[in-house]
Amino acid sequence: MANASFFEQKTRLFDRWAPAYDCLLTTIFYQAIHRRLLSYVTLPDSAQVLDLGCGTGKLLHRLAEQYPQLQGLGLDLSPEMLFQARRQNQHHPRLLFYPGNAEALPAAQGQFDAVFNTISFLHYPEPQRVFDEVARVLKIQGRFYLADYSSLWGSTSLAFTPGGLRFYSPHQREAFAHQSGLQCLGHYALLGPVVLSIFQAP
């Protein structure tokens with residue numbers, strides 16, 4: 001796992017951003033991403049889902065509205081993001097928001113029907129560990145919906161935030177999945193360079 005200072009830097013960044021995170025521009029962007037993402041999602045009626053890097057909880061809220069019996073857990077490093085998510089939570093106790101690190105998920109093996117990760121994977125320093133953890137907590141035939149900026153030419157990094165940002169090609173995402181035992185079901189363009197990759201547990 002990456003060292004503590006890396007996660008502390010990321011946490012401070014998102015804590016500062018949280019109060020203004022749901023500004024008009026961000027809201028429009030995520031609405032478009034979520035709308036396209038949800039068109040590819042299939043869940044059982046009483047699904048148990050996990051949202052990694054949940055931010056202010058908008059994706060889980062949309063899922064809860066679409067699936068009235070769904071129960072969701074949102075994890076995020078940032079206490080301020082979690083504060084905003086809890087403050088806006090209209091589906092408590094079906095939706096719960098807790099601090100958590102994607103590289104060491106506080107969840108049981110085979111707990112979730114689906115795991116979501118939206119514009120968050122680019123922050124993770126050890127992507128293979130994240131895939132391994134997702135594979136561990138998915139039920140049999142459970143699905144991992146990974147939506148993030150994609151690179152067409154292999155791994156690309158930008159020193160744009162503390163710890164930088166990392167973009168991966170669909171082929172590299174498949175390599176992570178293969179090593180963790182997940183099957184790739186396909187890649188789908190959502191908006192500009194944002195690509196949805198869907199993986200399934202055997």
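Is tyrosine 168 buried or exposed, and at what relative accessibility? Tyrosine 168 counts as buried, at 7% relative accessibility. Keep in mind that this is a predicted model.

**Aromatic pairs**

Tyrosine 168 pairs up with phenylalanine 176 in an edge-to-face arrangement, with 5.3 Å between the centres and 80 degrees between the planes. Phenylalanine 176 is buried too, at 15% relative accessibility. A search through the whole structure turns up 13 aromatic pairs. Another one of them is phenylalanine 121 with phenylalanine 131, again edge-to-face, at 5.7 Å centre to centre and 90 degrees between the planes. Here the pair links distant parts of the chain: phenylalanine 121 sits in the loop between strand 4 and helix 5, while phenylalanine 131 belongs to helix 5, 10 residues apart. Both of these phenylalanines, 121 and 131, are buried. The four rings named so far also belong to one aromatic cluster, made up of Phe121, Tyr124, Phe131, Phe144, Tyr168, Phe176 and Phe199.

**The sheet and its helices**

Now for the strands. Seven of them form an open sheet in the order 3-2-1-4-5-9-8, with mixed pairing. Strand 3 and strand 8 (183-191) are at the edges with a single partner strand each, so one side of each has no neighbour in the sheet. On average, neighbouring strands are turned by 15 degrees against each other, ignoring direction. Within the sheet, strand 5 and strand 9 run antiparallel and are joined by seven bridges. Across from isoleucine 198 in strand 9 you'll find tyrosine 145.

Two helices are worth a look here. Helix 4 lies across strand 2 (71-76) and strand 3, running at about 165 degrees to strand 3. Helix 6 (residues 170-180) lies across strand 5, strand 8 and strand 9, and runs at about 25 degrees to strand 9.

**Nonpolar cores**

The largest nonpolar core has 31 residues, and Leu43, Leu63 and Phe116 are the ones touching the most other members. Elements giving two or more residues to this core include helix 2 (24-38), helix 3 (58-66), helix 4 (79-87), strand 4 and strand 9 (194-200). Leaving out residues up to four places away in sequence, leucine 43 touches Val49, Leu63, Tyr67, Leu70 and Ala114. There is also a second, separate core of 25 residues, with Phe112, Val134, Phe176 and Ala201 among them.

**Salt bridges**

The count comes to three salt bridges. Here they are, with the closest N to O distance for each.

| Acidic residue | Basic residue | N to O distance |
|---|---|---|
| Aspartate 113 | Lysine 139 | 3.3 Å |
| Glutamate 126 | Arginine 129 | 3.4 Å |
| Glutamate 133 | Arginine 136 | 2.9 Å |

What does the bridge between aspartate 113 and lysine 139 tie together? Aspartate 113 lies in strand 4 (residues 112-118) and lysine 139 in strand 5 (residues 138-149), so this pair ties together parts that are 26 residues apart in sequence. Aspartate 113 is buried, with a relative accessible area of 16%, whereas lysine 139 is partly exposed at 29%.

Arginine 136 and glutamate 133 are three residues apart in helix 5 (residues 127-137), a separation of about one helical turn. Glutamate 133 is buried, with a relative accessible area of 13%, but arginine 136 is partly exposed at 27%. In the remaining bridge, glutamate 126 is partly exposed, with a relative accessible area of 26%, and arginine 129 is partly exposed as well, at 34%.

Notes: Residues numbered from 1 in each chain as written. Predicted model: local features only at pLDDT ≥ 70, side-chain atom pairs only at ≥ 80, totals over all residues. Heavy atoms only, no water. Salt bridge = Lys/Arg side-chain N within 4 Å of Asp/Glu carboxyl O. Helix = DSSP H or I, 4+ residues; strand = E, 2+ residues; numbered from the N terminus. Buried < 20%, exposed > 50% of the residue type's maximum accessible area, 1.4 Å probe, protein only. Core = buried A, V, L, I, M, F, W, Y, C linked by side-chain atoms within 4.5 Å. Contact = heavy atoms within 4.5 Å. Pairing = 2+ DSSP bridges. Axes fitted to C-alpha atoms, helices over the stretch in contact; angles between N-to-C directions. Phe/Tyr/Trp six-rings, centres within 6.5 Å; stacked < 30°, edge-to-face > 60°.
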